[in-house]
Amino acid sequence: MIEFQSGKFRKSILRYWRWALFLVALVVAYPIAVNNNFFWAFGGMPDLKALENPQSEEASEILTADGKSLGKYFIENRTPIEFDQLSPNIIKALVATEDARFLDHSGIDPRSLGRVLQGVLTGKTGSSGGGSTLTQQLAKNLFEIRTDEKYKGWLHNLPVVRTVVNKTKEWILSVRLERNYTKQEIMAMYLNTVSFGNNTYGVKVAAKTYFNKEPWQVKLEEAAMLVGMLQNPSRYNPRLFKERALTRRNVVLSQMKKYGFMTDAEYVSSASKPLKLNFTIENHNSGPAPYFREALRDYLNDWITQYNDNNNTDLNIYTSGLRIYTTVDSRMQQYGEEAMETNMRDQQKKFFAHWKALKMRPWTERDGRTRKLKEAPNFIAKMIRKTGRYQELKRAYGDDTAKIWKALRTPSRMKVFTWNRGSFEKDTMMSSLDSLKYYLYFLRSAFVSMDPRNGDIKAYVGGINFKYFKYDQARQGSRQPGSTFKPFLYCTAIDNSYVTPCETVIDQQVCIGDWCPKNSDGRFSGRALTLRQALGKSINSVSAYLIKRVGPVKTIEYAHKLGIKSYIKPDYTIALGSCDVKVLEMINAYCTFANGGNHVEPRLVTRIEDKDGNILAESEFTPKLTQVISEQVAYQMLFLMRGATEDPGGTAMRLRGMYKLLDYKNEISAKTGTTSEYSDGWFMGVTPNLVSGVWVGGESNKIHFTTMDLGQGARMAMPAWAMYMQKVYKDPELGGITGMYRPEKFQKPQKMDMALDCASPYRNDSTNTYLAPTVTDDEGVIF
């Protein structure tokens, strides 16, 4: 025990010792009090479980059937990586700039703290660097102790005290992080959490966004730019402030030279290089298959809600880092998008020229007396009232229509869609009213390709441009299918023994009450046609004959069995496709014919994993087949639909002639569809293992071509299907000899109830030859 001698300094010495002991006790007790939240003054601390499993928002990734990334769902675009996936250049730049003694300290750097205290005492707080280590910055990023309510005590209301307490918590967490993780793990976690601006989180996404590279491919000067951004991502954004970002990058390079991470020569070489960006920002509008991703989002939200309810979890599509394995094939998706774009550029060019020649606007209707075209009255006024802009003005001005229309006619600067540029957009001055008219000139389209054996969606294009046309024409839009509905009627008649595939029907006028449909050319040949000929040439009189015998109710029953989900009003005119249906359900129904009469629901997902690779769901996505028609009837329908591609006058003969998709080695069943006034053009194509369909039309059925030559499905829609299949067949992995979607014939059931002896006279199966006489189809195209 220390004893103090009496003297004039005895009291002073005792007082100093008491203060010293008090300060030591305070230094020891204070962090303990903060860590344990004494008297609820300091707020809580992350527990051991939170430290061992730190949470950060991770984007959920969508993967294709062939292993490619299709995109992500995110609030913060973040994809974590491991330390060994980082370029050494990134590591060196980070350590040199942010924490030069990172490998030497245990979470707190005394030298840095001393430097900060010296700066505070001398008033030079910004000149000597910060005192936070990488580990402290990680603690702040991971646990949000400064903002999360559960980490706030009643001392949080005192400004200076609040700062001291928060800093203390970061020191404590830093030490605990250092005990739980290696230096490499801490560095990787830090680089996975930080922001690089432009909604880019983590170094993996940053490397992809700014340089279109993986993190292990980043060069020295590129690593320096990324690390330099960490100080202030907005201030050093290389897209907006190139010179500022360049200066900051060179500061990082000088730090690397200072701490021996690069030679003088390397510094001079790197610092002299300009910034070279390959900026590819990722958002929900960009990337492949945006319409599919949006459809998948809706599906996953429902799935996650059910999964969370059943398993007491809190999965989130945007933050849980799920890995969603889909049925889409990246190559087929690319081919579908390319075919759609090529066709729609061509169709739009024709559409503009067509209406320019007519010197009219395309929203028209027929005069009831003269049958001449005229502009649809009040069409624009009706359409503008459906827009979000009109509803917004309505809320602002109420019933003051003068103010509403004045605002609608006021020009403003905007970006609009265009086919004439690679970026698909242009800057212009336009009023809301003129913008509506501008967009009404654009034809819309949808394309879906599905494997009939399992319902797998292989390619999905819901519109011409997702950024400017969000409405998904494949699953949301409902339009009249025209003659593509006829196979459902024929199937009903054959399956119920009203007719046989080779039975003949006279092409003559058939009336049901006041309804007396005409053929597309307005004439009746009076010839006896087999059902294959009638369907191949799309003869309306034969469809009227069949619906008169079968009835609409039975036909609707079969349409629904095959895969149509939409409500269909019982009416005899459905024989010509007067009902409204969706593209996706039409393709699904045609799959039943190709799948031996088995119906299977469309499948988007095959497996879902959590961020650690644990399988959350797989077996529930297994296809479920339901036999709805016999294998024999399904094959008979494929046989009938081959008439469109193989027989003289078939509406899809150009697949054999112009597109060269058909020879003696393979078979294609198909059906074209065109609605009244050429408002809708359809094409449905069926191969043994792939069913694909295309729809083309205006936003309204009043917007359309005015001639059969331009407006029929074989001209508007079939080219997209043909170009898509050409690409699939040319791909050696898809359409090659061993490809899953190679050209081949339909497999005939072993037990057929009848012989199909009304086949094309131009196919000689016994000699494996395909005669190609000079004939014309119903469009006048010579082969």
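The following exercises, each with a worked solution, concern the sheet, the aromatic pairs and the salt bridges of a predicted model.

In this predicted model, local features need pLDDT of at least 70 and side-chain atom pairs count only at pLDDT 80 or more, while totals for chains, interfaces and linings use all residues. Residues are numbered from 1 along each chain as its sequence is written, and side-chain values use heavy atoms, with hydrogens and water left out.

**Exercise 1. The sheet**

Determine the strand order of the open sheet and identify its edge strands.

Solution.

Step 1. Strands (E, at least two residues) and helices (H or I, at least four residues) are DSSP runs numbered from the N terminus. Two strands pair if DSSP finds at least two bridges between them.

Step 2. Five strands make up the open sheet, in the order β11-β10-β20-β19-β18, and their pairing is antiparallel.

Step 3. β11 (456-461) and β18 (669-674) each pair on one side only, which makes them the edge strands. From one strand to the next, the twist averages 10 degrees.

Step 4. Six bridges join β18 to β19 (residues 680-687) in the antiparallel sense. K671 has M684 in β19 as its bridge partner.

Step 5. Helix α13 (residues 330-358) lies across β10 (444-451), β11 and β20 (690-697), with contact meaning heavy atoms within 4.5 Å. Helix α13 runs at about 30 degrees to β11. Here axes are lines fitted to C-alpha atoms, for helices over the stretch in contact, and angles run from 0 to 180 degrees between N-to-C directions.

**Exercise 2. Two aromatic pairs**

Classify the ring pairs W363 with F379 and Y439 with F469.

Solution.

Step 1. Rings of Phe, Tyr and Trp (its six-membered ring) pair if their centres lie within 6.5 Å; planes under 30 degrees apart count as stacked, over 60 as edge-to-face and the rest as tilted. The structure holds 27 aromatic pairs.

Step 2. For W363 and F379, the centres are 6.0 Å apart and the planes differ by 15 degrees: the pair is stacked. W363 is in the loop between α13 and β6 (364-366), and F379, 16 residues apart from W363, is in helix α14 (residues 379-384). Both W363 and F379 are buried, where buried means under 20% relative accessible area, exposed over 50% and partly exposed in between (1.4 Å probe, protein chains only).

Step 3. The ring centres of Y439 and F469 are 5.5 Å apart and their planes stand at 85 degrees, so this pair is edge-to-face. Because Y439 lies in helix α17 (residues 432-440) and F469 in the loop between β11 and α18 (486-495), the pair ties together parts 30 residues apart in sequence. Y439 is buried at 15% relative accessible area, and F469 is buried at 8%.

Step 4. One aromatic cluster includes W363, F379, Y439 and F469.

**Exercise 3. Salt bridges around R642**

Find the salt-bridge partners E646 and E667 of R642, and state whether these residues are buried or exposed.

Solution.

Step 1. Side chains of opposite charge can pair when their charged atoms come close. A salt bridge is a side-chain nitrogen of Lys or Arg within 4 Å of a carboxyl oxygen of Asp or Glu; the count comes to 37.

Step 2. Between R642 and E646, the closest N and O atoms are 2.9 Å apart. Between R642 and E667, the corresponding distance is 3.4 Å.

Step 3. E667 lies in the loop between α24 (643-646) and β18, and R642 in the loop between α23 (631-641) and α24, so their pair ties together parts 25 residues apart in sequence.

Step 4. E646 and R642 are buried. E667 is buried too, with a relative accessible area of 5%.

Step 5. R532, R642, E646, D647 and E667 are linked in a network of salt bridges.
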